[in-house]
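Reader: I would like to go through the cysteine pairs of this protein. Could you put the model up?

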Amino acid sequence: MKHLLAGLLATFAIAPFGIAHAELQEQNFRALLHHTPVPQSKDVEVPFWTETIPQASGGKITAAMTFTDQAGLADADLLRYLKIGAFDFASFDLSKMAGDDPRFEGCDIAGLTSDLESARAVCDAYRPVLARMLEEQWNAKLLAIGTAPPQAVWCRTEINGLADLEGKKIRVFNRTMNDFVKAVGAIPINISFAEVVPALQQGVVDCGVTGNAVGNAAGWTEVTSTILPLALGWSINIHAVNLDAWNRLDAETQAFFEGQFPVLEERFWTFFAEAVADADNCNFGREPCRMGNPANMTLAPFSDEDRQRYAEILENVVISGWAERVGPAAAAEWNDTVGKALGLTAPTE
């Protein structure tokens with residue numbers, strides 16, 4: 001793992017396309033990052049802005065970073081801040097933008113994919129749709145697509161499969177998760193990430209959905225006992241730049257960033273391929289546990305019957321509900337991109 005990260009950081013430091021440092025203008029940008037405790041922020045985004053970009057630019061390009069939670073910003077509002085130019089660059093959870101446009105959930109529908117490779121493939125397929133939406137409606141340019149760990153269900157009490165979720169109050173953070181949780185007979189509760197630990201501690205919710213590494217980093221292991229490995233999405237995140245800010249850049253600076261953000265994207269997927277396995281070790285008291293906090297969570301069983309019910313809910317409830325919200329034209333576009341990659345079809349009537 002150490003050799004892998006060292007190699008990636010070395011790659012980060014190479015200025016792309018042969019751009020010499022002397023050709024770059026000195027500039028300081030405003031960058032909005034994820035919540036402070038989550039791995040995608042502290043282990044990927046922070047090094048990118050504090051080490052990679054300054055090193056690759058010979059110190060000419062830097063950024064003043066703002067963290068979503070420290071600034072007290074609501075996740076659902078982040079794209080609006082980027083649109084008006086409050087930040088030059090921003091990263092945010094794609095599915096949390098679905099309140100403005102449900103198409104944003106297209107490659108991270110709850111239960112759609114169960115492994116990182118598939119999650120990346122469907123988001124690659126959906127990339128042109130996302131890029132067009134951002135430019136046409138949000139005055140933003142898509143630069144990279146990243147990920148987080150698989151979104152599992154963490155519960156305060158013992159859980160032995162999907163049936164045990166019935167009647168439970170479960171924290172979710174997007175509409176398709178809401179649909180899935182309702183379909184298993186549970187009660188979805190939408191609260192912010194920062195409020196989840198006290199809500200679990202006080203019994204306001206019985207369970208919560210987050211990634212295996214994210215929950216570990218944020219202390220969920222101290223207020224829950226069981227993890228049900230559902231993979232209710234990946235909390236796919238995108239990295240974008242305000243289009244006005246982008247158009248003000250000279251050609252050399254644009255080329256510089258166009259070379260660096262694909263490297264950031266690769267770093268995201270490579271890092272979490274390692275982090276997911278490590279987080280499982282940490283959460284369930286196994287070694288090696290290098291990145292997280294050792295804990296003794298219980299891994300709930302997930303039977304063949306559960307898998308079959310999971311697949312039926314995905315196709316008959318979650319995808320169908322999403323297709324109804326986006327409309328026939330957007331559903332048809334999804335069928336030609338994400339659906340084609342997975343062999344799934346959203347209803348268009």
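Author: The turns below concern the disulfides. This is a predicted model, in which local features need pLDDT of at least 70, side-chain atom pairs count only at pLDDT 80 or more, and totals for chains, interfaces and linings use all residues. Residues are numbered from 1 along each chain as its sequence is written, and side-chain values use heavy atoms, with hydrogens and water left out.

Reader: How many disulfides are there by this rule?

Author: The count is three, where a disulfide is a pair of cysteine sulfur atoms within 2.5 Å. Counting bonded cysteines along the protein chain, the pattern is 1-2, 3-4, 5-6.

Reader: What does the disulfide of C107 and C123 tie together?

Author: Its sulfur atoms are 2.3 Å apart. C107 sits in the loop between strand 3 (89-93) and helix 4 (116-138), and C123 in helix 4, so the pair ties together parts 16 residues apart in sequence. Helices (H or I, at least four residues) and strands (E, at least two) are DSSP runs, numbered from the N terminus.

Reader: And where are C155 and C207?

Author: C155 and C207 are joined with an S to S distance of 2.1 Å. C155 is in strand 5 (residues 151-155) and C207 in strand 8 (residues 207-211), 52 residues apart.

Reader: Why is that disulfide called right-handed?

Author: The torsion about the S-S bond of C155 and C207 is about 105°, so the disulfide is right-handed.

Reader: Turning to accessibility, is C289 buried or exposed?

Author: C289 is buried at 16% relative accessibility, since buried means under 20% relative accessible area, exposed over 50% and partly exposed in between (1.4 Å probe, protein chains only). Its partner C282 is buried as well, at 1%.
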